Amino acid sequence: MALARSGHQLALREVLLSDKPAQMLEASSKGTVPVMIFPDGAVLDESRDIMRWALTRRDPDHWLDVDQDLAEALIDINDQDFKECLDRYKYAEYFPDQSEAEYRAQGQHFLSQLEERLSGQAYLFGERPSYADIAIGPFIRQFAHVDMTWFEASPYRKLIDWLKCFENSRAFTSVMEKYSVWQPGDSATLFPAV
Ligand SMILES: N[C@@H](CCC(=O)N[C@@H](CS)C(=O)NCC(=O)O)C(=O)O
C-alpha cells in the first residue's frame, strides 16, 4: 500500500512460501516476504523499512505525520506479541498446547488496546489514517477472518468499523489483485500496473 500510494513502481515477483526461489534467498537469507531489491543490489527485507523508504520519498496522504515513536511502539507490539498470538489462533491445530479460544483470548489484549485508541478518534493516531493503521490493518483483518461471526459479535465495536473502513479503502482494494507465481525468465510484472 505504501509503495502504491507513494507512486513507486516496481517489478513484482510473486513467490510461493512453500517453494522459495533461490534468487529470493540469495537476496535475503531470512526467507520472509516482502524482499525489495534495488538496482544497485541493496536490499530491504522488513515491510516496515519498505514502507518508510517509500513514504519518506513521497507521502501524499501524510501517513508519516504522526508521533513516530508512539507509532513504532504500537507496530512493535503488533509485529511481535500480537503476530505470535495470531499465528497460533490461525493455525491452532499445529499448536496443540492450548485451544483456539485461548490463543484468541491472548490476542484480545491487543484488540482492546486498539479499541481504546479508537474510542475518541477514527484512526489509531487521530482523525486521518497513518502508516500505523496501514501496518496493523492487515493483521487485524487476518485475526477477524479466522472467525468473522465471533469478531462481528465481539465488543470491539470501533475496531470493527475501523477494519471495514480499511478493507473498503481504495488504498487497500487497489493492491489486492492476485498475481501468478514468478518463474525465472518471466517478463516483468509491473506493480502497481498503472
Ligand atoms: N517482520 C517481517 C515479517 C515478514 C513475515 O514473517 N512474512 C511472512 C509472510 S506474511 C513470511 O514470509 N513467512 C515465511 C514463511 O512462511 O516461510 C516483515 O514485516 O517484513
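## Fold and ligand site of a predicted model

From the N terminus on, the elements of the chain run α-β-α-β-β-α-α-α-α-α-α-α-β. That comes to nine helices and four strands. The model is predicted.

**The chain as a whole**

The chain has 194 residues, and a compact globule of that length would have a radius of gyration near 16 Å. The chain has 18 Å, which agrees. Its C-alpha atoms fill a box of roughly 50 × 40 × 30 Å along the principal axes.

How many of the residues are buried? Of the 194 residues, 37% count as buried. The accessible surface of the chain is about 11,300 Å². Carbon and sulfur atoms hold 50% of that surface.

Now take the contacts between residues with a separation of 6 or more. Residues 24 or more positions apart account for 63% of them.

**Around the ligand**

Which residues surround the ligand? They are L17, K20, G31, T32, V33, P34, D45, E46 and S47. This shell divides into three nonpolar, three polar and three charged residues.

Three residues of the shell place an atom beside an oxygen atom of the ligand, as the table shows.

| Residue | Atom of the residue | Distance to a ligand oxygen atom |
|---|---|---|
| K20 | polar side-chain atom | 2.6 Å |
| V33 | backbone N or O atom | 2.8 Å |
| S47 | polar side-chain atom | 2.4 Å |

Taken alone, the ligand exposes 520 Å². The protein buries 62% of that area.

Terms used: Residues numbered from 1 in each chain as written. Predicted model: local features only at pLDDT ≥ 70, side-chain atom pairs only at ≥ 80, totals over all residues. Heavy atoms only, no water. Near = heavy atom within 4 Å. Polar contact = N/O pair within 3.5 Å; in protein donor to acceptor, adjacent residues only side chain to side chain. Areas by Shrake-Rupley, 256 points an atom, 1.4 Å probe, with all protein chains shown as cover. Nonpolar A, V, L, I, M, F, W, Y, C, P; charged D, E, K, R; others polar. Helix = DSSP H or I, 4+ residues; strand = E, 2+ residues; numbered from the N terminus. Rg over C-alpha atoms; globule rule 2.2 N^0.38 Å. Buried < 20%, exposed > 50% of the residue type's maximum accessible area, 1.4 Å probe, protein only. Contact = heavy atoms within 4.5 Å.
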